[in-house]
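Student: Please take one part of this model and look at it closely. Then work outwards from there, and keep it brisk.

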Amino acid sequence: MRGAGCRVEKEKVLKLPKTVIFVCSARLGWHKTLVYIDPTTRGANWCSGDNDDRPWICVGVNRCWWPGVVSALLHEAFECVADARGHVLEPLGSFDTDSDGTTLLMTHAQFSWVAAKAGEFLADVLPKIQKAFNKAKKARHAQ
Ligand SMILES: [Zn+2]
């Protein structure tokens, strides 16, 4: 999914639900980005932030396996950096926050830069989000 409204349409800024758990903050490209998990949902979201709000990524971990969490984090980190660099194009006149209609357009050199920044972010975040994921899994099994 995509936090498309964050930069362009203020009224569509994605808000985090109250069920999220803060994991860490980490540098993603130019920005410190807040990372959350949501033990009550699946799928993932990100928001590039606006005004006083920092960018964030939230991964839903309800009944997810670990590789799925890694994939979701990679997807969102990549998309967040690509968007910050202007590589995510929306269809003209689109007011949708869904990412299915968007196109990522970049040269191989730009792809390398985006991949490098997403990789650095993952190296920093993965140990922390794995800890939070395991804790949330344990809590669910204890219920
Ligand atoms: Zn996406």
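Tutor: Start with C64. Setting aside neighbours within four places in sequence, C64 is in contact with R42 and V69. Bear in mind that this is a predicted model. C64 sits in the loop that joins strand 4 to helix 2. Is C64 buried or exposed? C64 has 22 other C-beta atoms within 10 Å. The threshold for buried is 20 or more, so C64 counts as buried. There is also a link across the sequence. T41 is 23 residues away from C64 along the chain, yet the two C-alpha atoms are 9.4 Å apart.

Now follow the contacts of C64. R42 leads into the sheet. The bridge partner of R42 in strand 4 is V61. V69 leads to the helices. V69 is in contact with I129, and V69 is also among the helix 2 residues that meet helix 3.

Take strand 4 next, just before the loop. How many of its residues are buried? The count is 6 of 6, so strand 4 is largely enclosed by the rest of the structure. Its side chains alternate. W56, C58 and G60 point one way, while I57, V59 and V61 point the other, and all are buried.

Strand 4 has partners on two sides. With strand 3 it pairs in the antiparallel sense over 6 bridges. W46 stands opposite I57 there. With strand 2 the pairing is parallel, over 5 bridges. Here I37 has V59 as its bridge partner.

Step back to the sheet. It is open, has 4 strands in the order 1-2-4-3, and its pairing is mixed. Strand 1 and strand 3 are the edge strands, each with a single partner, so one side of each has no neighbour in the sheet. From one strand to the next, the twist averages 15°.

At the strand 1 edge, strand 1 and strand 2 pair in the antiparallel sense over 7 bridges. C24 has V35 as its bridge partner in strand 2. These two strands form a hairpin, with 2 residues between them. G29 lies in that turn and has a positive phi of about 65°.

Two helices pack against these strands. Helix 2 lies across strand 1, strand 2, strand 3 and strand 4, and it runs at about 160° to strand 4. Helix 3 packs on the sheet too, touching strand 1, strand 2 and strand 4. Its direction makes about 170° with that of strand 1.

How do the helices meet? Two packed helices are described by the angle between their axes and by the distance between the axes. For helix 2 and helix 3, the axes come within 9 Å and cross at roughly 140°. The crossing is right-handed. On the helix 2 side, the contact includes W66, V69, L73, A77 and V81. On the helix 3 side, it includes F121, V125, I129 and F133. The residues of this contact divide into 17 nonpolar, 1 polar and 1 charged.

I129 ties helix and sheet together. Beyond its neighbours within four places in sequence, it is in contact with V23, V35, I37, V69 and L73. Recall that V35 is the bridge partner of C24, and I37 that of V59.

That brings us to the core. The largest nonpolar core has 34 residues. Those with the most contacts inside it are I37, I57, V59, A77, V81 and I129. Strand 1, strand 2, strand 3, strand 4, helix 2 and helix 3 each supply at least two residues of this core. Helix 2 gives the most, with 9 residues.

Finally, place the part in the whole chain. The chain has 3 helices and 6 strands. From the N terminus on, they run α-β-β-β-β-α-β-β-α. Buried residues make up 36% of the 143 residues. Of the contacts with a separation of 6 or more, 55% join residues 24 or more positions apart.

Note on methods. Residues numbered from 1 in each chain as written. Predicted model: local features only at pLDDT ≥ 70, side-chain atom pairs only at ≥ 80, totals over all residues. Core = buried A, V, L, I, M, F, W, Y, C linked by C-beta atoms within 7 Å. Buried ≥ 20, exposed ≤ 12 C-beta atoms within 10 Å, placed from the backbone. Contact = placed C-beta atoms within 7 Å. Pairing = 2+ DSSP bridges. Axes fitted to C-alpha atoms, helices over the stretch in contact; angles between N-to-C directions. Left-handed = near helix turned anticlockwise from the far one by under 90°. Nonpolar A, V, L, I, M, F, W, Y, C, P; charged D, E, K, R; others polar.
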